[in-house]
Amino acid sequence: MLIVPEWHGQRLSRDLDARAEEAKGLALAIGLDVVAVHALRLRQTRAATLIGVGQIEAIKPDVVERSAQLVIVDAALTAIQQRNLETEFGTKVIDRTGLILEIFGERAATAEGRLQVELAHLDYQAGRLVRSWTHLERQRGGFGFLGGPGETQIEADRRMIRNRMARIRRQLDDARRTRQLQRSKRQRAPWPVIALVGYTNAGKSTFFNRLTGSDVMAEDMLFATLDPAMREIRLPGIDKAILSDTVGFVSDLPTELVAAFRATLEEVTTADLIVHVRDIAHPDSEAQYDDVRAILDSLGVNGPRDGEGEDDPEAVPQIEIWNKIDTADAERREAIAEMAARRPDVAVISAATGEGVEAARTLMASQLTARHRVERLFLRFDQGEAMAWLHARGEVLSDVAEGEGHVLTVRLDPADRARFERLWPQGDG
């Protein structure tokens, strides 16, 4: 059973029905059978139960009649509110954060992904008085989990959680160092990196599969994929680029999860191009756009909004892919086409049917080369590796022998120019 509260006078980007539909989608994403949805408008928050006594009394008979084994509240609950609602309804109660943590826990496939989810879950539980950690007794040996004389169960549980969190953080630090080494290797390699971002279920993975010919899981389901995937692709005029599919975002993403996945999401900040995939036919497309931008802003990824404003030279270039055009009616398609025609940073596609995908590939390639500048560089005859690097990463316009080497005129991205200078300082030539 699902409870979706909305406070009187609260200004939200989504209406109550849309929020209820998304919350239902989250429940369905882990195979829960939603037997009823109660959308409530609240005048104030009750410290003890969040919702009012009268609303609880109205919902209780429905919980009993439908034999609901779980009540999901699409809001953040305190430990006291959760416990009191469980007492009132006579069944288990979880909030939005708990539900999303369950989804992430089920979907994480890689070792690092599972660690990140477990850390987020432990962080969520740490501030709650729970007695559900006695199963950890089986894992105490050798980890210093045994409590001293007179230690209460809750104190022991809290200490076990803190110790487990410290251990996971150490493991994640090791994984982060490994990823930083891999990232530094990629930065030395002559291939641009493209990161796909977007709201969950916007079609990122379908677009990823369409471009790469891969079989990354792509279902009509919230959070169908969690762990990032990377594949090699070819674009017009670019022999090789690396495409990265990242975790989908959602409104009110739990802060514990944002913190746990920050290291993975930071891959976006080192990309050469960010491609924001949007479900343009969705009625809440604009609100979803704002949610994604808010998370990108929290990661320090800045850029002009809606194609307006001046580019920050330090910002990662961004474009938008307006997906699922095949699901829009004729009138909506026409309106979308008119809006896109005014935007040089937008391609309209259907990743499912392939419509517009070639135009999207062309846009991605043009954005990767848009900042390129013509540089004049000198290489000695024995710097064959540097020569190959320039041919792979840039466009060599001329090559003239002069003295002990070559004078090259090359069109390069400023970031690549800086990388080249670090690898082969011109002062040496």
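**Close-up views of a predicted chain**

**View A. A salt bridge within helix H2 joins Lys60 and Glu57.** Because Lys60 and Glu57 are three residues apart in helix H2 (residues 53–65), about one helical turn separates them. Helices here are DSSP runs of H or I with at least four residues, strands are DSSP runs of E with at least two, and both are numbered from the N terminus. The structure is a predicted model, in which local features need pLDDT of at least 70 and side-chain atom pairs count only at pLDDT 80 or more, whereas totals for chains, interfaces and linings use all residues. Residues are numbered from 1 along each chain as its sequence is written, and side-chain values use heavy atoms, with hydrogens and water left out. The closest N and O atoms of Lys60 and Glu57 are 3.4 Å apart; a salt bridge places a side-chain nitrogen of Lys or Arg within 4 Å of a carboxyl oxygen of Asp or Glu. Lys60 has a relative accessible area of 23% and Glu57 one of 42%, so each counts as partly exposed. The terms are buried for under 20% relative accessible area, exposed for over 50% and partly exposed in between, with a 1.4 Å probe and protein chains only.

**View B. Arg278 and Asp279 each take part in a salt bridge.** In the pair of Arg278 and Glu286, the closest N and O atoms are 2.9 Å apart. Arg278 is buried at 4% relative accessibility, while Glu286 is partly exposed at 48%. Asp279 pairs with Lys324, with 3.8 Å between the closest N and O atoms. This second pair links distant parts of the chain, 45 residues apart: Asp279 belongs to strand S8 (residues 273–279), and Lys324 to the loop between strand S9 (318–323) and helix H11 (330–341). Asp279 and Lys324 are both buried. Shared partners join Arg278, Glu286, Glu320, Arg343 and Asp345 into one network of salt bridges.

**View C. The largest nonpolar core holds 38 residues.** A nonpolar core is a set of buried Ala, Val, Leu, Ile, Met, Phe, Trp, Tyr and Cys residues joined through side-chain atoms within 4.5 Å. Leu99, Val197, Phe249, Val268 and Leu296 touch the most other members. Two or more residues come from each of strand S1 (2–7), helix H1 (16–28), helix H4 (96–107), strand S5 (193–198) and helix H10 (285–298). H1 gives the most, with five residues. Beyond its neighbours within four places in sequence, Phe249 has contacts (heavy atoms within 4.5 Å) that include Val197, Leu265, Val292 and Leu296. A second, separate core has 25 residues, among them Phe208, Leu211, Leu243 and Leu368.

**View D. Helix H1 has buried residues covered by other elements.** Among the buried residues of H1 are Leu16, Arg19, Glu22 and Leu26. Their cover includes S1, strand S2 (37–42), strand S3 (70–73) and H4. The end C-alpha atoms of H1 are 18 Å apart, which agrees with the 18 Å expected for its 13 residues; the expected span is 1.5 Å times one less than the number of residues.

**View E. Gln383 lies in the loop between strand S11 (373–380) and helix H13 (384–393).** Gln383 counts as buried, at 14% relative accessibility. Its side chain reaches the backbone nitrogen of Arg380 at 2.9 Å. Residues up to four places away in sequence aside, Gln383 touches Phe378 and Trp424.

Conventions: Polar contact = N/O pair within 3.5 Å; in protein donor to acceptor, adjacent residues only side chain to side chain.
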